[in-house]
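Here is a short tour of one protein chain, written for someone who likes to check a model before building on it. Please keep the viewer open as you read.

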Amino acid sequence: LLVASALIFSTSCSSAYEVVGQITGNQQLSPDFSKTRVVLNDGLYSTFVTSTGHFKFDDVPVGVYHLDVYEPKLKFRKYKIDVSAKKGGSLRALSKPFPGGEKKLESYPLVIQAIAPEVYFRDRGSMNPIAAILRNPIFL
């Protein structure tokens, strides 16, 4: 019985792999690593980023995952990660800038770069009082 449980434990542990990568900025966009979080499948797995931008998920089972980077001021591409048991745990990654966008095959380990600043609010346009009066249905 002890041998059987040890065998089951060793086979379950051997099918879990690491997903690693690094988040980088560019000259205009530099991430704040203290507020950056990397998530697989909307929170099934979650990790923080080191001060150098590296992240690592341990014990990720074989399967397909969606990887998202959350940073308050920057947008990142969306990633689809395929963890395969073939070739000792090979990993493939596809990225796209937004749903329906152009897909791109990524190299591994992942190097994730910010693509744009996050815009939460837009400036309200200036108000033209004459146009506002003319658009008023009471004025007609």
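How do the residues of the lining of the largest pocket divide into nonpolar, polar and charged? In this predicted model, the lining holds 6 nonpolar, no polar and 4 charged residues. The pocket itself has a volume of about 160 Å³. Its lining includes Val69, Tyr70 and Glu71, along with Leu74, Lys75, Phe76 and Lys78, and then Pro97, Ile115 and Glu118. Two elements, E5 and strand E6 (74-76), each give two or more residues to this lining, and E6 gives the most, with 3 residues.

Now to the sheet. Six strands form an open sheet with antiparallel pairing, in the order E3-E2-E5-E7-E8-E9. Strand E3 (45-48) and strand E9 (104-106) stand at the edges with a single partner strand each, so one side of each has no neighbour in the sheet. From one strand to the next, the twist averages 25 degrees. Strand E5 (residues 63-70) and strand E7 (residues 78-83) run antiparallel and are joined by 5 bridges; leucine 67 stands opposite tyrosine 79 in E7.

A word on confidence, with the two extremes in the table.

| Element | Residues | Mean pLDDT |
|---|---|---|
| Helix H1 (lowest) | 2-14 | 38 |
| Strand E2 (highest) | 37-40 | 94 |

For the protein chain, the mean pLDDT is 81, and 86% of the residues reach 70 or more. Over residues 1-13 the pLDDT is below 50, and this stretch has 0 contacts in the model beyond near neighbours in sequence.

Notes:
Residues are numbered from 1 along each chain as its sequence is written. This is a predicted model: local features need pLDDT of at least 70, side-chain atom pairs count only at pLDDT 80 or more; totals for chains, interfaces and linings use all residues. Side-chain values use heavy atoms; hydrogens and water are left out. pLDDT is the predictor's confidence in each residue, from 0 to 100. Helices (H or I, at least four residues) and strands (E, at least two) are DSSP runs, numbered from the N terminus. Contact means heavy atoms within 4.5 Å. Two strands pair if DSSP finds at least two bridges between them. Axes are lines fitted to C-alpha atoms, for helices over the stretch in contact, and angles run from 0 to 180 degrees between N-to-C directions. On a 1 Å grid over the protein atoms alone, a cavity is a set of points where a 1.4 Å probe fits but cannot get out, and a pocket is an open set with protein on both sides within 12 Å along at least five of seven lines; lining residues have an atom within 4 Å of a point. Grid points are joined across faces, edges and corners, and a volume is the space filled by probe spheres set on the points. Ala, Val, Leu, Ile, Met, Phe, Trp, Tyr, Cys and Pro count as nonpolar, Asp, Glu, Lys and Arg as charged, and the others, Gly among them, as polar.
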